[in-house]
Amino acid sequence: MTASLYKHKILILDFGSQYTQLIARRIREAQVYCEIHPYNLGLEKIKKFSPKGIVLSGGPLSVYDTNAPMPEEGVLDLGIPLLGICYGMQVLTHALGGVVARSVDREYGHAVITILDDTDLFHGLGQKGGEVVWMSHGDRIEKIPPGFTVLAQSKNSPIAAMADRSRKFYGVQFHPEVAHTPQGSKILSNFLFEICGCEPSWTMASFVRRTIKSLREQIGEERVICGISGGVDSSVTAVLLHKAVGRQLSCIFVDNGLLRRGETQEVMELFGKRYGMDLHLVDASEHFLKHLKGVTDPEQKRKIIGREFIRVFENKAKELGEVAYLAQGTLYPDVIESVSFKGPSATIKSHHNVGGLPSVMKLKLVEPLRELFKDEVRQVGTELGLPRELVMRQPFPGPGLAVRILGEITPERLEILRAADVIVLDEIRGAGLYEKVWQAFAVLLPIKTVGVMGDERTYENVIAVRIVDSLDAMTADWTRVPYEVLARISNRIINSVKGVNRVVYDISSKPPSTIEWE
Ligand code: XMP
């Protein structure tokens, strides 16, 4: 835990709900620092973290299941305010002498609650006709524990919320963290500010200030290297470190020949010239293309690119002399996934760009974004003065255009894809959609089709256009782009990209498809 820098903190104990990360997002939006930890976090660790309040998340199980997760003994005796959400409320009830009724049916979806007491948790709520909330639970509370009162009820849940004010214990049967509970943020804010007495101090400006200070202390006089990819995470990591330790930081940018048009120049211009970083470009395009020659299998491509990236990066790093630290843009969701409820095995990422680097290079890691969610990283980028195009940049896969060229990767095919990609992005920007969609890109297919241009028959390549909406890339849906925009993309590609005579639009969602084609 690195949170000692923040005075007012909330601890979220994760009982396995799909919404746990959302609880953290909402709390951070209210400018209060919080961390997610497994439900069974030890008492000593909790005391050391010293939270102003604890949230018990929801979870998929019933308190009556054999392996029902329960918090460590003593958590309820710490004298710290508690909010139990859904399963968390059932945990409170079960542990404090109330009765949880087992249920075979789930209540799932919108419900309307009537607020009986708007003193604290529901302060400012309680409009006539009730409040809309999102329910997703099996079991429900049959009898509240001694000392509690009922704060709200719904048709299906006579005890939709409860409190023991003397101990500052609260429970809600519904999910205040999801967007389907319109007043959910207000309810959570009431818990944070009125009940726990937090002050809103988690801002990106304070994050930047404190992080730069602690990076200086951590790194001292040592040297750091950082790989820059042109993406948001590595850019923000590099700029933070540059602000902290200046020329003790050396950045390496590997041009693997699989980047989009103009990307290398943009990175060199911004970080080398404008920020004046010690930035080393390794032009390894030929090296990568040589190793990819004749390779068509997607997994094979990824493996080769990952392996060669490490090799090239390591060689360059050696040239730079004695270095103690490797900086990485690891984000909070990766950290939670490896420590949280499900345990490390459930969530190993198959595609982490520089996943192999730390172990190979035997360097100490510095990960200044470990506490941040993606949108917080973007805010930090803005705070640091990075250009908006970079801060709002869509994700781009580590293996680059290699996984968007189906079949063999050749310089000619790369050029075709680059030209088409520029057009897709240009039209999406022109239509004001760039920041609305998750990703928009072109894919070069390994087939040719017949066409006619002028009086001549052509036999040329097909470009597929992929544009998707998503919140976290775990699921995605194809974007309903206006036909006129698709028409312009298609016309421009066919008219100006030599070697293409057909454009198709990908209308598959994830799952069962994936976002990238390989
Ligand atoms: P899929 O294709 O699995 O992609 O639906 C989900 C998201 O991850 C990105 N992606 C990658 N990112 N290295 C990365 O850094 C990779 O190897 C990689 N493969 C896919 C993809 O662009 C999408 O946003």
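**Asking why: strands, sheets and a pocket**

Me: In this predicted model, Ala111 stands opposite Val133 in β7. What makes β6 and β7 a pair?

Reply: Pairing calls for at least two bridges between the strands. Strand β6 (residues 107–115) is joined to β7 by seven bridges, so the two count as paired. Their sense is antiparallel.

Me: Why is β7 called mostly covered?

Reply: A residue is buried if its relative accessible area is under 20%. In β7 (residues 131–137), six of the seven residues are buried, so "mostly covered" fits.

Me: What makes β7 an edge strand?

Reply: Look at the sheet around it. Nine strands line up as β2-β1-β3-β4-β11-β10-β9-β6-β7, and the sheet is open. β7 pairs on one side only, and so does β2 (33–38). From one strand to the next, the twist averages 25°.

Me: Why is the pairing in that sheet called mixed?

Reply: Strands can pair either parallel or antiparallel, through backbone hydrogen bonds. This sheet has β6 with β7 in the antiparallel sense, while β4 (residues 82–85) and β11 (residues 169–172) pair in the parallel sense over four bridges. Both senses turn up, so the pairing is mixed. In the β4 and β11 pair, Ile85 stands opposite Val172.

Me: How do you know that β12 and β15 pair?

Reply: Count the bridges again: at least two are needed, and β12 (residues 224–228) has three with β15 (residues 325–327), in the parallel sense. So they pair. Val224 stands opposite Tyr325 in β15.

Me: What sheet do β12 and β15 belong to, and why do β14 and β16 count as its edges?

Reply: An open one of five strands, in the order β14-β13-β12-β15-β16, with parallel pairing. β14 (278–283) and β16 (364–366) each have a single partner strand, so one side of each lacks a neighbour in the sheet. On average, neighbouring strands here are turned by 30° against each other, direction ignored.

Me: Now the second largest pocket. Why can you say where it lies relative to domain 2 and domain 3?

Reply: Check who lines it. Domain 2 (204–391) and domain 3 (409–505) both contribute lining residues, so the pocket lies between them. Its volume is about 480 Å³. The elements giving two or more residues to the lining are α7 (263–274), α13 (388–391) and α14 (411–430).

Me: What makes up the pocket's lining?

Reply: There are 18 residues, and nearest the pocket's centre lie Glu263, Glu266, Glu389, Arg393 and Arg429. Glu and Arg count as charged, so those five are charged. The whole lining divides into nine charged, eight nonpolar and one polar.

Note on methods: Residues numbered from 1 in each chain as written. Predicted model: local features only at pLDDT ≥ 70, side-chain atom pairs only at ≥ 80, totals over all residues. Heavy atoms only, no water. 1 Å grid on protein atoms, 1.4 Å probe; cavity = no way out; pocket = protein on both sides within 12 Å on 5 of 7 lines; lining within 4 Å. Points joined across faces, edges and corners; volume = space filled by probe spheres on them. Domains from an automatic or database assignment. Buried < 20%, exposed > 50% of the residue type's maximum accessible area, 1.4 Å probe, protein only. Axes fitted to C-alpha atoms, helices over the stretch in contact; angles between N-to-C directions.
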